[in-house]
Each structure stands twice: as structure tokens, then as C-alpha cells.
Amino acid sequence: MEKSLLLKISSHIVSTALIMTIYCAGTALSQGTKPVSGTTAVPGGASTSAKIENLIKERYLNYHQTLLKANSFDEIAPLRSTKLQAELETKKVEAQAKDADTQRKMMDSLLSLAKALEPKNIIVTNVVVKGDTAELAVSATDSGEFPSAMTKGFGNIASSMGTALGGKSASKPMRSTTTGNIKMLKEDGNWLVGEESWSTNVTNLTPAQEASRNAEDARKKSLSS
């Protein structure tokens, strides 16, 4: 009798434990989480990371918009890293060695060139944060801003480039696809823009023509292999 009772009690304990396990698993799944043994979740961990990435993204886009609208380097200097600010100060010292009019023209030309070559419709495609540094992948496409910028910054280079792309292509609208890698640095609690690297592909083909050309190149490559 005692043995039978003990067996029933043990069976009841096992059944209760099984029910609690199923209940906990079901609760976790209903809340969109997976039951994990031996670990403790950190409240807000993922959301904190996302907030930091969004903050860095916003700081860069703010710098980008400020540069496009700036009337002097003084407007963007506080948004750049200490290293870039020091480089700008060096440029100012070089300009100050000349007369006032030449100094103003030199700095205005540098700003105009920076603004002209800055892609106009940037999209941040990725943010990777590592401690007090972050790397942003950005991209931009346009239908003529880049050749225009080249004309402003480098005289007849755009015209020569257009001719090289297809004889009379200087009169055709050119599209450019630009990708960039931006380094952001956290200094004194603020995320600032550091070094930038850019790569631009310019074409005078329409999107349909470019897709057709790429398909033909892929076909030729397939046949040759």
C-alpha cells in the first residue's frame, strides 16, 4: 500500500513538472522568445545596440546635410574628429600666410569642391559599432550631379570623361553610383565623422541598357568558361 502510494505521488510530481515545462515553453513562444537554459537575458540589450546604431547614423546624416548647406568650414568643424579638425586648421594656417583676399578664395574653393563632390542622396546601408569607433557603409545614385560636380571642381575633366565613355557621350546624361565607407569616432561622449573613402562608377547608359550589357557580359563569361 505504501509502495503504491509512493508511486502515485512520484507520478504526480513528474506530471506536474512536465506541465510546468510545457507551460513555460508555451509562454516563451507566445512572447516571441525561445526558452534558453543556463542564461540570463539582459533587459534592453538589443534595443540599446539599435539605439546606438541609429544615433551614429543620425549624427553622420546631420554632418552630411550640414556640409551641403555650409557657407564656411566653421559650420562643419564641430562635427568632425579631432584629427580632421587639426588638418583643417593646417589649411587655414597655410591660407593665412597669404593676403586676405587669397586666403578667402582658397578656403571658399576648398569648401565648394567638398560640397560639389559630396553625394546628394546618401543612404546608410550598414552600421558596425566596435567600442568607441564605428564604420558606416553608405551609397548614393544620381542622374547627373557627379559630372556637374566634376565640372565645377576640375574644369574640363567631366567633358573628357564623357568623351572617353563613348565618343559623343558628353552631351548625354550620365548616371553615377557611389559607395562609401565612413569611420565615426566617439570623442568626449560625441560621435564625430572621421576618415571617408569613396568609390564612384559613372555611366551614360540607361538602367535598362546597363542591365542588358551586364547580362551580355555574364553570358560571354559563361561561354568562355
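Student: Which helices and strands each supply at least two residues of the lining of the largest pocket?

Tutor: Keep in mind that this is a predicted model. To read a pocket, start with the elements around it. Here, helix 2 (45-69), helix 3 (82-96), helix 4 (100-117) and helix 5 (145-154) each supply at least two lining residues, and so do strand 2 (133-142), strand 3 (175-187) and strand 4 (190-203).

Student: Which of them gives the most?

Tutor: That's helix 4, with six residues in the lining of the largest pocket.

Student: How many residues line the largest pocket, and which lie nearest its centre?

Tutor: The lining has 32 residues, and the ones nearest the centre are Tyr63, Leu67, Arg80, Ala114 and Glu196. As for volume, the largest pocket comes to about 670 Å³.

Student: And how do the residues of that lining divide into nonpolar, polar and charged?

Tutor: For the largest pocket, count 17 nonpolar, five polar and 10 charged residues.

Student: OK, on to the next pocket. How much space lies in the second largest one?

Tutor: About 160 Å³. Helix 3 and helix 4 are the elements that give two or more residues to its lining.

Student: What is the largest share of that lining, and where does it come from?

Tutor: Helix 4 again: five residues of the second largest pocket's lining come from there. If you want to click through the lining, try Asn71, Ser72, Phe73 and Asp74, then Lys92 and Gln96, then Gln103, Arg104, Met107, Asp108 and Leu111.

Student: What's the mix of nonpolar, polar and charged residues there?

Tutor: The second largest pocket has three nonpolar, four polar and four charged lining residues.

Methods:
Residues numbered from 1 in each chain as written. Predicted model: local features only at pLDDT ≥ 70, side-chain atom pairs only at ≥ 80, totals over all residues. Heavy atoms only, no water. 1 Å grid on protein atoms, 1.4 Å probe; cavity = no way out; pocket = protein on both sides within 12 Å on 5 of 7 lines; lining within 4 Å. Points joined across faces, edges and corners; volume = space filled by probe spheres on them. Helix = DSSP H or I, 4+ residues; strand = E, 2+ residues; numbered from the N terminus. Nonpolar A, V, L, I, M, F, W, Y, C, P; charged D, E, K, R; others polar.
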